[in-house]
Amino acid sequence: EGVITVDVKWRDTAAGGMRFVEIGVRDTGIGIAAADLGRIFEKFEQVSLIQPAGVPSTGLGLTIAKEIVELHGGKIWAESTPGQGSRFAFTLPEGSLKETPPES
């Protein structure tokens, strides 16, 4: 059985002045090959992974997530090691959030 971990952390930009929240979701699944990582956010792209029976996919989920994150001024990416799992993460600028971050 796999494990899914969610992490949240605040990041300051190197240039200073702006803060971002970074949210990541990590799994211990089969992972994604390095050659496929560059295309998983493209429309209708599906990498050769084993899909659960009866779960169809259009290849639009990550594209839609990317567009939403970028419309809010953030970035989204994936990191993966085949056989060890993947981490999908995104950032959003502090000003795009409704609540004030906790004091450091």
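This passage describes the overall composition of a predicted model and a nonpolar patch on its surface.

The protein chain contains two helices and four strands. Read from the N terminus, these elements follow the order β-β-α-α-β-β. Of the 104 residues in the protein chain, 26% are buried. Among contacts with a separation of 6 or more, 48% are made by residues 24 or more positions apart. The exposed area of the protein chain comes to about 7,300 Å², and carbon and sulfur atoms supply 58% of this area.

A nonpolar patch on the surface is formed by Ile 4, Val 6, Val 8 and Val 25. Together, these four residues have about 380 Å² of accessible area. The element that gives the most to the nonpolar patch is strand β1, which spans residues 4-12 and provides three residues.

Two members of the patch were examined individually. Ile 4 lies in strand β1. The relative accessibility of Ile 4 is 63%, and Ile 4 is therefore classed as exposed, the cut-off for this class being over 50%. Val 6 is also located in strand β1. With a relative accessible area of 57%, Val 6 likewise counts as exposed.

When residues up to four places away in sequence are not counted, Val 6 touches Gly 24 and Val 25. Val 25 is itself one of the residues of the nonpolar patch. The C-alpha atoms of Val 6 and Ile 23 are 7.3 Å apart in space, while the two residues are 17 residues apart in sequence.

Note on methods
Residues numbered from 1 in each chain as written. Predicted model: local features only at pLDDT ≥ 70, side-chain atom pairs only at ≥ 80, totals over all residues. Heavy atoms only, no water. Patch = residues over 30% accessible without salt bridge, like charges linked within 9 Å, V, L, I, M, F, W, Y side chains within 5 Å. Areas by Shrake-Rupley, 256 points an atom, 1.4 Å probe, with all protein chains shown as cover. Salt bridge = Lys/Arg side-chain N within 4 Å of Asp/Glu carboxyl O. Buried < 20%, exposed > 50% of the residue type's maximum accessible area, 1.4 Å probe, protein only. Contact = heavy atoms within 4.5 Å.
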